[in-house]
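Here is a short set of exercises to work through with the model open beside you. Try each task before reading its solution.

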Amino acid sequence: MSRRSGILEFAVLGLLRESPMHGYELRKRLNTSLGIFRAFSYGTLYPCLKTLVASGWLIEEPAADPVDSTSAAGRPAAAPSSLTGRRAKIVYRLTAEGKEHFEELLSHTGPDAWEDEHFAARFAFFGQTEREVRMRVLEGRRSRLEERLEKMRASLVRTRERLDDYTLELQRHGMESVEREVRWLNELIESERSGRDRRRSSPEGSAQQDTPGETGGLPRHRDNIPPDPSDDTAK
């Protein structure tokens with residue numbers, strides 16, 4: 001399985017954990033909620049869905065027909081899709097095994113979770129992720145970007161005399177993008193730590209349980225979204 005197909009499967013499972021959907025709804029949610037998938041097509045989505053069904057993580061169900069057999073005026077309703085030649089919509093539903101598999105994926109905190117596209121998908125489902133896992137993913141992502149930033153600075157020092165003004169400006173812009181994401185991650189990590197410290201310092205018997213969905217005082221400003229990996233941040 002390629003890395004990108006693995007990210008897509010993860011995102012599909014996460015969205016279907018919220019509610020069953022048909023293919024059009026899934027594609028729309030992937031496009032609008034997860035910008036990293038805005039360029040993908042049905043030709044990418046449906047093979048992914050078929051793979052997940054074959055793995056036992058999803059089941060296919062016919063969509064409920066919203067039209068009664070008799071119309072409000074007493075006339076017979078339109079013929080079912082099997083008679084009209086129209087293809088019936090299929091709803092995809094997460095199975096118990098699929099939910100268990102998705103929860104297992106949510107617990108992973110290795111290097112793949114820190115990469116650009118995978119991190120954006122993981123962050124989109126932080127509301128379903130345990131606090132300690134969120135912390136490890138955020139800290140891993142920050143560490144990865146700090147390494148990238150150090151390499152970019154060293155490269156700029158070595159090559160700046162050979163670069164024209166426009167290429168130099170592009171290099172600086174890339175560095176600023178990485179620096180901005182590091183600052184954003186610092187804010188998120190501090191918020192998570194503050195929430196954890198408040199929970200631990202609560203009087204005995206009143207401590208809140210650390211459950212998925214706790215944000216730990218997530219900063220509520222408009223920039224609190226995962227940076228788009230398709231931005232011109234240097235790889």
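**Exercise 1. Find the helix that holds Tyr42, classify the residue's exposure and list its contacts.**

Step 1. Tyr42 belongs to helix α3, residues 42-54; helices here are DSSP runs of H or I with at least four residues, strands are runs of E with at least two, and both are numbered from the N terminus.

Step 2. This is a predicted model, in which local features need pLDDT of at least 70 and side-chain atom pairs pLDDT 80 or more, while totals for chains, interfaces and linings use all residues. Residues are numbered from 1 along each chain as its sequence is written, and side-chain values use heavy atoms, with hydrogens and water left out.

Step 3. The relative accessibility of Tyr42 is 30%, so the residue counts as partly exposed. For reference, buried means under 20% relative accessible area, exposed over 50%, and partly exposed in between, with a 1.4 Å probe and protein chains only.

Step 4. Leaving out residues up to four places away in sequence, Tyr42 touches Gly23, Tyr24, Arg27 and Pro47, where contact means heavy atoms within 4.5 Å. Gly23 lies 19 residues from Tyr42 along the chain, and their C-alpha atoms are 8.1 Å apart.

**Exercise 2. Describe how α6 packs against α7.**

Step 1. Start with burial: helix α6 spans residues 116-124, and seven of its nine residues are buried. These are Asp116, His118, Phe119, Ala120, Ala121, Arg122 and Phe123.

Step 2. Next, the geometry. α6 and helix α7 (residues 131-159) pack at an angle of about 155 degrees, their axes 11 Å apart. That angle makes α6 roughly antiparallel to α7, a label for angles over 145 degrees. Axes are lines fitted to C-alpha atoms, for helices over the stretch in contact, and angles run from 0 to 180 degrees between N-to-C directions.

Step 3. Now the residues: Asp116, Phe119, Arg122 and Phe123 of α6 meet Val133, Val137, Leu138, Arg141 and Arg148 of α7. By class, this contact has five nonpolar, no polar and four charged residues. Nonpolar covers Ala, Val, Leu, Ile, Met, Phe, Trp, Tyr, Cys and Pro; charged covers Asp, Glu, Lys and Arg; the others, Gly among them, are polar.

**Exercise 3. How many aromatic pairs does the whole structure have, and how are the rings of Phe10 and Phe125 arranged?**

Step 1. A search of the whole structure gives seven aromatic pairs. Rings of Phe, Tyr and Trp (its six-membered ring) pair if their centres lie within 6.5 Å; planes under 30 degrees apart are stacked, over 60 edge-to-face, and the rest tilted.

Step 2. Phe10 and Phe125 are an edge-to-face pair, 5.6 Å centre to centre with 85 degrees between the planes. The two residues are 115 apart along the chain, Phe10 in helix α1 (residues 3-18) and Phe125 in the loop between α6 and α7. Phe10 is buried at 3% relative accessible area, and Phe125 is likewise buried at 3%.

Step 3. The rings of Phe123 and Phe126 have centres 5.0 Å apart and planes at 40 degrees, so this pair is tilted. Phe123 is buried at 13%, and Phe126 is buried at 8%. Phe119, Phe123, Phe126 and Trp184 form one aromatic cluster.

**Exercise 4. What does the chain look like as a whole?**

Step 1. The chain has eight helices and three strands.

Step 2. Of its 235 residues, 36% are buried.

Methods
Parallel < 35°, antiparallel > 145°, perpendicular 65-115°, else oblique.
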